[in-house]
Structure formats: structure tokens, C-alpha cells
Amino acid sequence: MARKARLLSPGSPMYVQAKGLPSLKIFASDEMKLTFLAWLRDAAKTYQLTIHAYSILPNQLEMLVTPKDEFSLSRTMQSLCRR
């Protein structure tokens, strides 16, 4: 079953959360966090996503972002998750 379409309003702040499995770490080291942040910076710039705040925990990522257009958020997250 496909998920329901996300309600998206370009120019409005959004809270984004990406979680891993409870027993597995997404970010196992500080080096991985720094690499991920570089990827996030590049993807956000490419797809015009403004990042206001973020939190990186061992098995989750939380961000407060504002997409410039209807595809900014989805394309940024797709770029990150494919890496």
C-alpha cells in the first residue's frame, strides 16, 4: 500500500525526522556525522532547502527546514538516503 501524499507548503518551515532501527546506529562515529553533514549541505544547496536547525543522534536525524519549492525536501532526502 502506497503512503499518503505529504502535505507540503513551499516557504513554510517543516520538521523532518529520519530514524533507524532501535538497535542499530545510523551514525557510528563522528567522522560519519561530518561526512553526512557535508552531503546534507551540498544536497540542500542543490535543491534549495533552507536548514534552520538539526540534531544528529546515534540512530536518528531531526531537522527544521524550509523548502523553496514542492520538490526541495523530497529531492534533498532522496539524495541523502541514496548515499
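This is a short tour of one predicted model, stop by stop.

**Stop 1: two helices**

Select residues 30–47, which form α1. Then add residues 72–82, which form helix α2. Look at how the pair is arranged. The axes of α1 and α2 come within 9 Å. They cross at roughly 145°. The crossing of α1 and α2 is right-handed.

Now show the side chains where the helices touch. From α1, pick Phe 36, Trp 39, Leu 40, Ala 43, Ala 44 and Tyr 47. From α2, pick Ser 72, Arg 75, Thr 76, Ser 79 and Leu 80. Colour them by class. The contact of α1 with α2 has seven nonpolar, three polar and one charged residues.

**Stop 2: Thr 76**

Stay on α2 and select Thr 76. Is Thr 76 buried or exposed? Thr 76 counts as buried because its relative accessibility is 0%, and buried means under 20%.

What does Thr 76 contact beyond its neighbours within four places in sequence? Select Leu 40, Ala 43, Ala 44, Tyr 47 and Leu 49. Four of these names may look familiar. Leu 40, Ala 43, Ala 44 and Tyr 47 belong to the α1 side of the helix contact.

**Stop 3: the largest pocket**

Next, switch on a surface. Rolling a probe the size of a water molecule over the atoms shows where empty space is left. In this model, the largest pocket has a volume of about 260 Å³.

Select its lining. Start with Ala 18, Ile 26, Phe 27, Met 32, Thr 35 and Phe 36. Add Trp 39, Leu 61, Met 77, Leu 80, Cys 81 and Arg 83. The elements that give two or more residues to this lining are α1 and α2. Which element gives the most? That is α1, with four residues.

Colour the lining by class as well. It has 10 nonpolar, one polar and one charged residues. Keep an eye on Phe 36, Trp 39 and Leu 80: they line the pocket, and they also take part in the contact between the helices.

**Stop 4: Gln 17**

Leave the helices and select residues 14–19, strand β1. Gln 17 lies in this strand. Gln 17 counts as partly exposed because its relative accessibility is 39%, a value that falls between the 20% and 50% limits.

Which residues does Gln 17 touch, leaving out those up to four places away in sequence? Select Gln 60, Leu 61 and Glu 62. Leu 61 also lines the largest pocket.

Finish with a distance. Pick the C-alpha atoms of Gln 17 and Glu 62. These residues are 45 residues apart along the chain, yet the two atoms are separated by 4.5 Å.

Key: Residues are numbered from 1 along each chain as its sequence is written. This is a predicted model: local features need pLDDT of at least 70, side-chain atom pairs count only at pLDDT 80 or more; totals for chains, interfaces and linings use all residues. Side-chain values use heavy atoms; hydrogens and water are left out. Buried means under 20% relative accessible area, exposed over 50%, partly exposed in between (1.4 Å probe, protein chains only). Contact means heavy atoms within 4.5 Å. On a 1 Å grid over the protein atoms alone, a cavity is a set of points where a 1.4 Å probe fits but cannot get out, and a pocket is an open set with protein on both sides within 12 Å along at least five of seven lines; lining residues have an atom within 4 Å of a point. Grid points are joined across faces, edges and corners, and a volume is the space filled by probe spheres set on the points. Ala, Val, Leu, Ile, Met, Phe, Trp, Tyr, Cys and Pro count as nonpolar, Asp, Glu, Lys and Arg as charged, and the others, Gly among them, as polar. Axes are lines fitted to C-alpha atoms, for helices over the stretch in contact, and angles run from 0 to 180 degrees between N-to-C directions. A crossing is left-handed if the near helix is turned anticlockwise from the far one by less than a right angle, and right-handed if clockwise.
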